[in-house]
Amino acid sequence: MAKLDDLLEDLVTANRVLASQGIVDSFGHVSIRHPGNPMRYFLSRARAPERVEIGDIMEFTLEGDPVDAKGRRPYLERFIHGAAYEMRPDVMSVIHNHSPGVIPFGITGRTMRPVMHMCATIGHEVPIWDQHTKFGDTNLLVESMAMGRDLAKKLGKGRTALMRGHGAVVVGPDLRATVYTAVYLELNAKLQMQAEAMSKKVKFLTKGETKLVAATTTPANVNRAWENWCRKADRPYKE
Ligand SMILES: [Zn+2]
């Protein structure tokens with residue numbers, strides 16, 4: 001149980017870190033799969049991530065039903081999380097955000113690719129999900145499992161996907177690695193925009209380089225960033 005308590009505290013920290021790093025604002029959310037029950041996940045009640053506290057964390061079935069809501073209102077777009085966990089047994093954490101840098105890449109036909117080594121975990125080519133293809137005109141929110149599953153399919157085996165006119169979804173093998181990828185997805189977007197404004201011949205990381213760098217991004221690398229981000233977000237750091 002102590003381990004679960006630590007994980008849930010880490011989930012609160014992840015909310016604060018993502019806010020402090022500008023990856024989420026008053027909107028966006030982060031979840032973890034239940035370490036002892038792969039059919040459940042934990043996600044805050046509907047609240048700005050910067051304000052999330054331990055009492056806000058709710059448990060959900062993969063279908064998005066609260067296990068014990070206790071009067072708390074869940075996020076409308078929680079289906080993004082459950083559908084990703086359902087489709088990908090390897091995924092232990094999911095982030096959905098609308099960070100400003102990624103938006104242009106969802107609407108211009110410009111493909112996002114890693115421009116520097118720190119950004120390799122975003123994958124060699126970031127796919128774009130357009131909800132309009134299957135669902136026509138909508139309010140753009142992922143408010144059903146059908147939409148969540150369609151989005152999860154777009155992830156394929158990768159860690160990131162953009163959502164046209166909306167934002168992004170990031171998945172990973174653990175919470176901290178997923179936050180790391182979300183932070184560097186946003187940085188990559190900014191750097192790629194700068195590079196492409198300077199030259200039409202931007203040299204991206206090759207497929208092989210992307211794979212090699214991602215494979216050598218260790219928990220020690222991620223923890224170095226995590227400790228720093230915890231301090232900035234005024235949260236305790238635990239290795
Ligand atoms: Zn959203």
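What is the site of the zinc ion like, judged by the angles among its 4 donor atoms? In this predicted model, the angles range from 94 to 145 degrees and the site is irregular. The upper value matters here, because four donors count as tetrahedral only if all angles lie between 85 and 135 degrees. The donor atoms come from Glu77 (OE), His96 (NE2), His98 (NE2) and His166 (NE2), and coordination is at 2.0 to 2.1 Å. Along the sequence, these donor residues follow the spacing E-x18-H-x1-H-x67-H. Glu77 and His166 lie 89 residues apart and link distant parts of the chain. Glu77 is in the loop between β3 (57-61) and α2 (79-87), while His166 is in the loop between β6 (160-163) and β7 (167-172). Glu77 has a relative accessible area of 6% and is therefore buried. His166 is also buried, with 9% relative accessibility.

The largest pocket holds about 700 Å³ of space. It is lined by 29 residues, and those closest to its centre are Leu7, Asp10, Asp174, Arg176 and Glu239. At least two lining residues come from each of α1 (2-20), β1 (29-33), α6 (175-198) and α8 (219-232). Of the elements that contribute, α1 gives the most, with 6 residues. The lining comprises 13 nonpolar, 5 polar and 11 charged residues.

The second largest pocket has a volume of about 410 Å³. Its lining consists of 16 residues, with Gly123, His124, Lys157, Gly158 and Lys211 closest to the centre. Helix α7 (residues 207-215) supplies the largest share of this lining, 4 residues. By class, the lining of the second largest pocket contains 5 nonpolar, 6 polar and 5 charged residues.

Key: Residues are numbered from 1 along each chain as its sequence is written. This is a predicted model: local features need pLDDT of at least 70, side-chain atom pairs count only at pLDDT 80 or more; totals for chains, interfaces and linings use all residues. Side-chain values use heavy atoms; hydrogens and water are left out. Donors are N, O and S atoms within 2.8 Å of the metal (3.2 Å for Na, K and Ca); water is not among the atoms, so sites may look incomplete. Four donors count as tetrahedral if all angles lie between 85 and 135 degrees; four count as square planar and six as octahedral if opposite donors are over 155 degrees apart and all others between 65 and 115; anything else is irregular. Buried means under 20% relative accessible area, exposed over 50%, partly exposed in between (1.4 Å probe, protein chains only). On a 1 Å grid over the protein atoms alone, a cavity is a set of points where a 1.4 Å probe fits but cannot get out, and a pocket is an open set with protein on both sides within 12 Å along at least five of seven lines; lining residues have an atom within 4 Å of a point. Grid points are joined across faces, edges and corners, and a volume is the space filled by probe spheres set on the points. Ala, Val, Leu, Ile, Met, Phe, Trp, Tyr, Cys and Pro count as nonpolar, Asp, Glu, Lys and Arg as charged, and the others, Gly among them, as polar.
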